[in-house]
Amino acid sequence: MTNDDVLTAISAPLTWLGSPAHARWLESHTDDLIAFASGSAIDAGFGYLTGDGEVRGGESALDGEAELWITCRMIHSYSLGVLLGRPGCAVLVDHGIAALEQTFADHASGGWFSKVTPTGPTAEIKEAYAHAFVLLATSSATLAGRPGAALLLDQAKRVHSERFWNEAEGMAVESWNADFTQCEDYRGVNANMHTVESYLAVADATGEEIWRTRALRILGRVLGYAKDFNWRSPEHFTTSWEPLPDYNTDDRAHPFRPYGATIGHWFEWARLALHARAAVLAHGGSEGETAYLLDSAVALFEAGVREGWAVDGEDGFVYTVDFDGEPVVRDRMHWVVTEAIAAAAALSRATGEASYAGWYQTWWDYAQLTMLDGSGSWVHQLDPENHPADTVWPGKPDIYHAIQASLIPRLPLWPALASALKAG
């Protein structure tokens, strides 16, 4: 290296993305998360963790209730651990796969129950949100080579195609009763967002193009709604997909269906649009046909920064805003920060623009100072003054959002996470 090279390097703007030293820090954080949640297995699947990483309810919870979405998110997370070569993760994946096969599965009507104990279901509803995670979990476990995962993936694909995917609308329905005879009189984009994530993952894991095509149809429709609402993406809809802007006005901090527009989802949709764009380009698509995905990702990201970040005098993202952009629930959720970090990394990779790398560093600094608590994981909720709170998310249900934020900056936009790790 010449003197000129040294001077050029010193004078260049600092960026963590692509830095080997920062990548090592991210890898260490991945391992901290894996270790933190390693005691989450219970008889029925995976349990809801307390703030210190114990299963909620203590020893009495070990044979207690497990939720499908948590169990599947943990299967996915530990499948990533297997693909990273982390000892002990395979045992946890196999435990989760057994729970899907034996405890959660409805052998009479198909699909998987939402909540179970070792002796049977405690909530028989069949939810698109949780079933999206069944697809994600089983596709990741299949790539990790775990026994039984491929068969479960085939079953999950069939259930999605027959029960949740609506071909005419190009969207997923919300939920069914146990025997799939009554569909809920509600449509939501949260479930569809995770359906996009899982469909993109399944397309990469199986090579079946239909899943990517479906993901793109959902994206096209939801991004259109977001644009119509000045990028304050509506969450709640009628069965004919008419927006319901006043939905849950009496339960504004609902953990899954809050009133108004959810800042974190704008970042999540932005990232998914970029993953989908990268997949289309990798399969011969053109910049022109994917321009709407990049443009929408940029617009959603900018709206999230403008209306979500430090808008009330304190650092952090407010949880929700109304359709004039005014904060509604001002508590800070950890998953919003993880998705903002991931979206910034994705946009930096897609565009090369320095501003995204700057936001990426700002939000990791914020997370380190306020949410990373020294236990290897994140405080899941802070109040508007950035003090720990638990009104929406008590404890630490799982590590899914955080572990993905530790991996996305180190991986390409395509293929999906598990496929990228499998490919080395």
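## A tour that starts at Leu-411

Select Leu-411 first: with a relative accessibility of 12%, Leu-411 counts as buried. Here, buried means under 20% relative accessible area, exposed means over 50%, and partly exposed is in between, using a 1.4 Å probe and protein chains only. What you have open is a predicted model, where local features need pLDDT of at least 70 and side-chain atom pairs count only at pLDDT 80 or more, while totals for chains, interfaces and linings use all residues. Residues are numbered from 1 along each chain as its sequence is written, and side-chain values use heavy atoms, with hydrogens and water left out.

Stay on Leu-411 for a moment. Its place is in the loop between helix 13 and helix 14. Helices (H or I, at least four residues) and strands (E, at least two) are DSSP runs, numbered from the N terminus. Which residues does Leu-411 contact, leaving aside neighbours within four places in sequence? Show Arg-349, Leu-417, Ala-420 and Leu-421. Contact means heavy atoms within 4.5 Å. Now add Tyr-366: Leu-411 and Tyr-366 are 45 residues apart in sequence, and their C-alpha atoms are 23 Å apart in space.

**Next stop: around the loop**

Select Trp-414 and Pro-415, which are joined by a cis peptide bond with omega at about 0°. Pro-415 is found in the loop between helix 13 (400-407) and helix 14 (417-422).

Then colour helix 13. How many of its eight residues are buried? Eight of the eight are, so helix 13 is largely enclosed by the rest of the structure. Among the buried residues you can click on are Tyr-400, His-401, Gln-404 and Leu-407.

**Next stop: Thr-290**

Jump to Thr-290, in the loop between helix 9 (263-282) and helix 10 (291-308). Is Thr-290 buried or exposed? It counts as buried because its relative accessibility is 1%.

Show its side chain and look for two backbone oxygens. The side chain of Thr-290 reaches the backbone oxygen of Ser-286 at 3.1 Å. A polar atom of that side chain also lies 3.2 Å from the backbone oxygen of Glu-287. Pairs like these are polar contacts: N or O atoms within 3.5 Å, where, within protein, one must be able to donate a hydrogen and the other to accept it, and residues adjacent in sequence count only if both atoms are side-chain atoms. Not counting residues up to four places away in sequence, Thr-290 touches Arg-277, Val-280 and Leu-281.

**Next stop: Glu-307**

Follow helix 10 to Glu-307. Glu-307 counts as buried because its relative accessibility is 9%. Display the residues that Glu-307 touches, again not counting those up to four places away in sequence: Arg-232, Ile-263, Trp-266, Val-318, Val-321 and Gly-325.

**Next stop: Leu-153**

Select Leu-153 in helix 6 (residues 149-164). Leu-153 is buried, with a relative accessible area of 4%. Draw a distance from its C-alpha atom to that of Leu-135: the two residues are 18 apart along the chain, and the atoms are separated by 6.2 Å. Leaving aside neighbours within four places in sequence, the residues in contact with Leu-153 include Leu-135, Thr-138, Val-202 and Thr-206.

**Next stop: two positive phi values**

Find Phe-180, in the loop between strand 9 (175-176) and strand 10 (187-188). Its phi is near 60°, a positive value in a residue other than glycine. Phe-180 is buried, with a relative accessible area of 6%.

Asn-248 also has a positive phi, of about 60°, although it is not a glycine. Look for Asn-248 in the loop between strand 11 (236-237) and strand 12 (261-262). At 21% relative accessibility, Asn-248 counts as partly exposed.

**Last stop: zoom out**

Show the whole protein in ribbons: it has 14 helices and 15 strands. Its radius of gyration is 21 Å, close to the 22 Å that the globule rule gives for 424 residues, so the protein is as compact as a globular protein of that length. That radius is taken over C-alpha atoms, and the rule is 2.2 Å times the number of residues to the power 0.38. Along the principal axes, the C-alpha atoms fill a box of roughly 70 × 50 × 50 Å.

Colour by burial and you'll see that buried residues make up 57% of the 424 residues. Of the contacts with a separation of 6 or more, 65% are between residues 24 or more positions apart.
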